[in-house]
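Good morning, everyone, and thank you for making the time. Please have a look at the model on the screen before I begin.

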Amino acid sequence: MAQIKSVLRDLLDDVLGLADSYAVTLKHLFRKPITEQYPEYKRLFAERTRGRIILTRDPHGEERCVACYLCSAVCPTDCISIEGAERKDGRRYPLWFRINFARCIYCGLCEEACPTLAIQLTPDFEFSKYGVLDFIYEKEDLLVDHQGKNAEYDYYRHAGVSVEGDKGEHINEKPPVDVKSNLP
Amino acid sequence: MPRLVIDDLEIEVPKGTKVIDAAERLGIMIPRFCYHEALGAVGACRMCAVKFIEGPLKGVQMSCMIDAQDGMVVSTTDQEAVDFRKRVIEWLMINHPHDCPVCDEGGQCLLQDETVSSGHGRRRYPGRKRTYRNQYLGPFIAHEMNRCIHCYRCSRYYQEFSGYRDLGPLQIGNRVYFGRFKEGRLESPFSGNLVDICPTGVYTDIPARFKVRRWDLQRAPSVCINCPLGCNTIGNSHYRAVMRVEARMNPYVNGYFLCDEGRFGFSYTNGGADHAQRPWNSRISGADVTVEAALAESASKIAEISAIYGPGAVVALGSTRNSLETQSMLSRLCRRKGWQGPVWFNDPAIYRKVRSGVERLDSGIAVSMREIEFADFVIVAGADLLNEAPMAAMAIRQASRKNATIIVVDPRPISLPFEFRHIPAAPAQIERCLGSLVKGSISKDELKGFDSSAKGFCKALPAKFEEKESGISISELSGQLMSAKRPVIVCGTGIVCESTPAFAADCAQLLRESGKKAGLFYILPGASSFSSALLSGPETKTFSEILPQIEEGLIKALIATESDPFWDFPDRERLDRALSMLDLLVVIDYLPTETVKRATVFHPSSTVFEMNSTFVNQEGRVQHAERVHVGGVPIWGAHPPRIIRNFVPGGDHQPAWELLWKISAETSMLESVLTLGELIAAEIPVFEAVGHSKYPITEGRIIPENSEGSFVKPKASPAKGQTAKGFNLLLTDTIFASREPSAYADTLASVFPEATLFMHSGDANGAGLSEGDMVSVELELGAIQLKLSVSQRMARGFLFLPRQRGIHWQKMKEFSAWIAPERIRKI
Ligand code: SF4
Ligand code: SF4
Ligand code: SF4
Ligand code: SF4
Ligand code: FES
């Protein structure tokens, strides 16, 4: 008897399970569809979406990147190549900066590593190409003339090197020590 | 020997070992900033705190300040010590700037490593940071004082270790500053070590400024080939360019340090900043061709000339910058093919001096730089160390710090970074001076104990040497030498007489026989002079002796392997004429030399950074340089091209020995001789003992246990004083500018000394000249203009002319010249 009861219960469960999914399907038949008609309709992505990479500028319009090589070091696919150089005024900058987007996996680690907020991923993902060489973006292609996600940050205002402002003029600095005076 | 326990591991160390070093022997690296083996302990940074649990001391103490003692139980991981170190880091970081992204030390920074490993990640202190202004310190080193953590390593190195005074601490308390009183180029030719020694980014090197991070570098152990000492280096390359050269610790050779010529004189391998200065491609008559075409051309032309004129019409030139592999190959090919050579030297006198010196070195008498550091009496005879072999000066400086007496017998106006007595004897007087000094130190009793040859030698030594001008009493110095236990004679091979190297060996031998642990150290002319001497015999010719044969048309082909006769042959026009008479000039090289410009066929060879190679330094130490990178035209300086290539531009170079073998068309070569090790051993018998199957040979000295050299009765030196009125012009070396290959490095071009002629001030007064005058010196074949420098501390009747790149001094008939007084004019 108990055996028959349990078989019947299983059967009922199965039938209910089936009916449930049919009910969901049925319900969705009458809902408004969420499929976007891409590319006719282009959906807005969140700012943090990881797509094509840019190099941003600081609030004065100078290149933010200081060629510190951290992004190229962290990149798991080794798709960033840089050559650092010194500008006449002592500013460290990338003489050239190259990202091979054919290799980039848009992991965003470069952005996380960047101490100057220069390298940023953008929501733009639409850049298919026919040739592989076209995926190699140079600094001219990467550099934009805005600050990206952070409008204020200016690395050289926090650093100790006197590129923007003299010694003692950066954020949280005392005036330089006068080495030739013994006055306190 | 105290036994102690560190982190549950027991160790026994020699007495006087610091706890920090004892731990290092166990593989436990206690964090540190101020402690450095070469500089000793000062306890300035408080970073090396450990907890002493048992033993004579208890509690948290600085492990660099405490000698290991019996019964100590030390914990480096005790919470109290860990917390202590963490707080030290936090307070060191209070003033540290937010510079890592733009600091070249980043990635190889001790402060970074120790901050990260202590776990200090967030700044808690809200106060303002101390700042400093930087100084210009010359073309090699950038200064960024904000990054300093006041460990005093730089000033201890610069002032105490290297003996220069122009950089050090200024100010007091929290405002201590490390720099110069006035900004300007650092005076020390060993300044580059500041970059290695500073645990932060205060001093960073300018040639690689902003260009690279440590993690991107290809690194390999290498050897400096700019002078005979063969300091151990690490080559660092990136994007096909050598970016920097660092010191590699070798306790017997250079310790932890390098001179600036060795450290910064590398850019020849990159073809300079514009990469255009190195001959990258194979060429026939000046036109670029493929490697194969050039090899085929050389091979067929050499075969043709050998067939018509006989193989003796072909001469192979090597040099003292060839690797041991190349030298062995040259030697083998000359023998098998019947070519004349190999020729290693230009100047027969230098060649004979090198040979006579090398013959006398044995493992009893030869000393390493390390042993010089422990000498108690050093006699430098005819060597200008700072200019000829800079790190040797650094070794003697260490002896001087231990109160050794240092005597320099040299006619030049020598300057050295330590106290020394200078006897400005003329070259012909050096032996007299050295001899009387040694003779005076031998007591009667000692003399009795000598065998007849030693006795004869000692008796024949001049008893007296008069040195009026320097006011130095030789007999007083002899007295000091008598009580010395470990005297060392450092003997040059440049301006000294031909008999001097052997004479110096005899003197050292005599000192040994009088019961001292005496040593002998030669300064030879090039990185591989020692092995060239081993590969020469009495018949070996120098280039000057070969030249007449070229002029007579007996020699039709010259194979110059990393050899540039123009570099130090005194008569440039004659050389030019002679070379133009050749049917074939095959040049194998990596430098843009004058000879390369005249090559019929040119083959690019690999630099020391681009191949595995072996060099034997001047004390017979065999050292191996590993290939750092493949090489080729560097990518630096401009955007790399957007093309896909299946070859490396400028990647055609090959080791010179390989090129030689290919152009010799000796196909059977590698069948009969299988490995490089066997090739070397077949050519240089001493390598048999080293074991020729052991290639690469990475250590050991190849000098015999006992050399056969014996006492040669000294000749009576010529009477003092010149009869004819005039000056003896001698050629000398100068740091940075007079040696291949570093003189071709554009990184050094800005520090080339100004072209200067040295003259005794008395002589100058007589000629109406004074310090700083521009003078024109009429040599036999033309005039040169240079600045005059006068000094009282040099021999009278001499002029010294640096054999420097850029001065066109090659207007002499011989390797020295006689200059009548009227041929020096003020202009
Ligand atoms: S997103 Fe990831 S893969 Fe792409 S460049 Fe950055 S680190 Fe490299
Ligand atoms: S991490 Fe940022 S600043 Fe550093 S090289 Fe990359 S983009 Fe430039
Ligand atoms: S400059 Fe460097 S080596 Fe000198 S005290 Fe400062 S941190 Fe130490
Ligand atoms: S030039 Fe000489 S002293 Fe200087 S690093 Fe090279 S081998 Fe050493
Ligand atoms: S390393 Fe011991 S106090 Fe600095």
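Where in chain A is the place of Asp78(A)? Asp78(A) sits in the loop that runs between α2 (70-74) and β2 (80-86) of chain A, and its phi is near 55°, a positive value in a residue other than glycine. I should say at once that this is a predicted model, and that is how everything that follows should be taken.

Let me stay with chain A for a moment. The domain assignment divides the chain into domain 1 (1-31) and domain 2 (53-158), and the C-alpha centres of these two domains of chain A lie 56 Å apart. In the loop between α1 (2-29) and β1 (53-55) of chain A you will find Pro39(A), and the peptide bond that leads to Pro39(A) from Tyr38(A) is cis, with omega near 5°.

Next, the ligands. Ligand 1 has 13 residues around it, of which Cys75(A), Cys104(A), Cys107(A), Gly108(A) and Cys110(A) come nearest, and by class this shell consists of 11 nonpolar residues, two polar ones and no charged ones. Ligand 2 is likewise surrounded by 13 residues, with Cys65(A), Cys68(A), Cys71(A), Cys114(A) and Thr116(A) as the closest, and here the shell divides into 12 nonpolar, one polar and no charged.

Turning to chain B, I would like to show you the second largest pocket, whose volume is about 1000 Å³. Its lining is made up of 35 residues, and those closest to the centre of the pocket are His36(B), Leu110(B), Arg153(B), Asp196(B) and Tyr256(B). Among the elements of chain B that each supply at least two lining residues are α1 (19-25), α3 (110-118) and α5 (193-197), while the largest share, four residues, comes from β13(B). Both domain 1 (3-92) and domain 2 (134-270) of chain B contribute at least three residues each to the lining, which by class holds 15 nonpolar, three polar and 17 charged residues.

What, then, of the interior? In soluble globular proteins, nonpolar side chains tend to be buried together. In this model the largest nonpolar core has 89 residues, and the ones with the most contacts inside that core are Ile423(B), Ile489(B), Leu510(B), Leu520(B) and Phe687(B). Helix α17 (residues 500-513) of chain B provides the largest share of the core, seven residues, and at least three residues are drawn from each of domain 3 (286-344 + 531-638 + 653-689) and domain 4 (352-524) of chain B. Apart from this core lies another, of 86 residues, which includes Phe257(B), Ala375(B), Val488(B) and Trp567(B).

Why can we call helix α25 (residues 676-683) of chain B largely enclosed by the rest of the structure? The reason is that six of its eight residues are buried, namely Leu676(B), Gly677(B), Leu679(B), Ile680(B), Ala681(B) and Glu683(B).

I will finish with two points of backbone geometry in chain B. Ser285(B), in the loop between β14 (283-284) and β15 (287-288) of chain B, has a phi near 45°, again a positive value in a residue other than glycine, and Ser285(B) is exposed, with a relative accessible area of 57%. Lastly, the peptide bond from Glu740(B) to Pro741(B) is cis, with omega near -5°, and Pro741(B) belongs to the loop between β28 (727-732) and α27 (746-749) of chain B.

Note on methods. Residues are numbered from 1 along each chain as its sequence is written. Chains are lettered from A and ligands numbered from 1 in the order in which they are written. This is a predicted model: local features need pLDDT of at least 70, side-chain atom pairs count only at pLDDT 80 or more; totals for chains, interfaces and linings use all residues. Side-chain values use heavy atoms; hydrogens and water are left out. On a 1 Å grid over the protein atoms alone, a cavity is a set of points where a 1.4 Å probe fits but cannot get out, and a pocket is an open set with protein on both sides within 12 Å along at least five of seven lines; lining residues have an atom within 4 Å of a point. Grid points are joined across faces, edges and corners, and a volume is the space filled by probe spheres set on the points. Ala, Val, Leu, Ile, Met, Phe, Trp, Tyr, Cys and Pro count as nonpolar, Asp, Glu, Lys and Arg as charged, and the others, Gly among them, as polar. Domain bounds come from an automatic or database domain assignment. A residue is near a molecule or strand if one of its heavy atoms lies within 4 Å of it. A nonpolar core is a set of buried Ala, Val, Leu, Ile, Met, Phe, Trp, Tyr and Cys residues joined through side-chain atoms within 4.5 Å. Buried means under 20% relative accessible area, exposed over 50%, partly exposed in between (1.4 Å probe, protein chains only).
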